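Me: I'm new to reading protein structures, and I'd like a close look at how the side chains meet one another. Could you start with the aromatic rings and then work outwards?

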Amino acid sequence: MNKSIPIIHSFPIFLKLKSENINEKFVSLSEYGFFIESQYYKQNINGSLKDCYARKAVMKKLLKAEQTLSNGYRFKIYDAYRPIKVQQELWDTYKKKIIKQFPNLSEEEINKKTSVFVSEPSYDVEYPSLHNTGGAIDLTIVDKNGKELNMGTRFDDFTDKAYTSYFEENDMSEEIRNNRRLLYWTMICAGFTNLPSEWWHYDYGDNAWANTTGNKPLYNGKLIL
């Protein structure tokens, strides 16, 4: 699990693919023993959920991945299924920051920059945003005392350091590099794909996963859980 992470410098362009609409139920991740710390609930974002929910196949893959960890390590789940209301608020908030930072950009350029770290909300369930499918998971690894491993940035850090492979080229910390490698390969080996701009974000069955693997997306979006 200490192999290099593939180096990606730019956010990939994902084609919008129509899903197969597999009607797989959502399950509570806390009920399957995962350590949950719902970040948007902690931030009191309107519509956010205290628990984290995912598709059943996603839950099974997470269990498989967690069971391969040693040293008493386990996952901490930050976010999974995300109500569209939450997605809209996150998009609007970050977009305002981009507009303030780059006031001369066109609307198209602003949306492109915003979408590097926040998926644009989609109210079309056939072409959903990633977290609206139940296939996207935000997570980290904690030790036996519940302390997060050092990944170099906090969750939702919107800087270049959040890119999963950042510490492969910027040799600032062997510890951080190895921690990211552990999370990356644990999840990849379980069948997930990673969003290159976010070390914490992994996908199964959604559009990002489909574009990366060459498959069709499995899941439609769900506006209300």
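**Rings, charges and a helix**

Reply: Counting ring pairs whose centres lie within 6.5 Å, we arrive at 13 aromatic pairs in what is a predicted model. Let's take F26 and Y81 as an example: their rings meet edge-to-face, with 5.3 Å from centre to centre and 75 degrees between the planes. This pair links distant parts of the chain, since F26 belongs to strand β1 (residues 26-28), while Y81 is in the loop between β4 and α3 (84-101), 55 residues apart. Both F26 and Y81 are buried.

A second pair to find is F192 with Y204, another edge-to-face arrangement, at 6.4 Å centre to centre and with 70 degrees between the planes. F192 sits in the loop between α6 and β6, and Y204 in the loop between β7 and α7 (207-213), so this pair ties together parts that are 12 residues apart in sequence. Again, F192 and Y204 are both buried. Rings can also gather in groups: Y40, Y78, F155, W199 and W200 make up one aromatic cluster.

Charged side chains can join rings as well. K3 lies over the face of W185, 4.0 Å from the ring centre. Likewise, K113 lies over the face of F102, at 4.6 Å from the centre of that ring.

W185 makes a handy bridge to the next stop, as it is one of the buried residues of helix α6. First, a little check on that helix. At 1.5 Å a residue, the 16 residues of α6 (residues 174-189) should span 22 Å, and the C-alpha atoms at its ends are indeed 22 Å apart, so expectation and model agree. You may wonder why the multiplication doesn't use 16: the expected span is 1.5 Å times one less than the number of residues.

What do the buried residues of α6 pack against? Their partners are the helices α2 (56-67) and α5 (166-169), together with the strands β4 (74-79), β5 (136-142), β6 (193-194) and β7 (201-203). Besides W185, the buried residues include I176, L182, L183, Y184 and M187. Just after the helix, G191 takes a positive phi of about 110 degrees.

R177 is also on the buried list of α6, and it leads us to the charges. Side chains of opposite charge can pair when their charged atoms come close. R177 does this with E174, forming a salt bridge in which the closest N and O atoms are 3.8 Å apart. The two are three residues apart in α6, which means that about one helical turn separates R177 from E174. With a relative accessible area of 19%, R177 counts as buried, because the cut-off is under 20%.

In total, the structure holds nine salt bridges. Some of them share partners: E37, K42, K76 and E148 are linked in a network. Within this network, E37 meets K42 at 3.5 Å, N to O. E37 also forms a salt bridge with K76, where the closest N and O atoms are 3.4 Å apart. The E37 and K76 pair links distant parts of the chain, with E37 in the loop between β2 (35-36) and α1 (39-42) and K76 in strand β4, 39 residues apart.

Are these three residues buried, partly exposed or exposed? K42 is exposed, at 52% relative accessibility. E37 is partly exposed, at 22%. K76 is buried, at 5%.

K76 sits in β4, and that strand is part of a sheet. Five strands make up this open sheet in the order β2-β4-β5-β7-β6, with mixed pairing. β2 and β6 stand at the edges with a single partner strand each, so one side of each has no neighbour in the sheet. β2 pairs with β4 in the parallel sense, over two bridges. You can look for I36, which stands opposite I77 in β4.

Let's finish in a loop that follows another strand of this sheet. K144 is in the loop between β5 and α5, and at 67% relative accessibility it counts as exposed. Setting aside neighbours within four places in sequence, K144 is in contact with N71 and G72. K144 and S70 are 74 residues apart in sequence, yet their C-alpha atoms are 9.9 Å apart in space.

Note on methods
Residues are numbered from 1 along each chain as its sequence is written. This is a predicted model: local features need pLDDT of at least 70, side-chain atom pairs count only at pLDDT 80 or more; totals for chains, interfaces and linings use all residues. Side-chain values use heavy atoms; hydrogens and water are left out. Helices (H or I, at least four residues) and strands (E, at least two) are DSSP runs, numbered from the N terminus. Buried means under 20% relative accessible area, exposed over 50%, partly exposed in between (1.4 Å probe, protein chains only). Contact means heavy atoms within 4.5 Å. A salt bridge is a side-chain nitrogen of Lys or Arg within 4 Å of a carboxyl oxygen of Asp or Glu. Rings of Phe, Tyr and Trp (its six-membered ring) pair if their centres lie within 6.5 Å; planes under 30 degrees apart count as stacked, over 60 as edge-to-face and the rest as tilted. A charge sits over a ring if NZ of Lys or CZ of Arg is within 6 Å of the ring centre and within 35 degrees of the ring normal. Two strands pair if DSSP finds at least two bridges between them.
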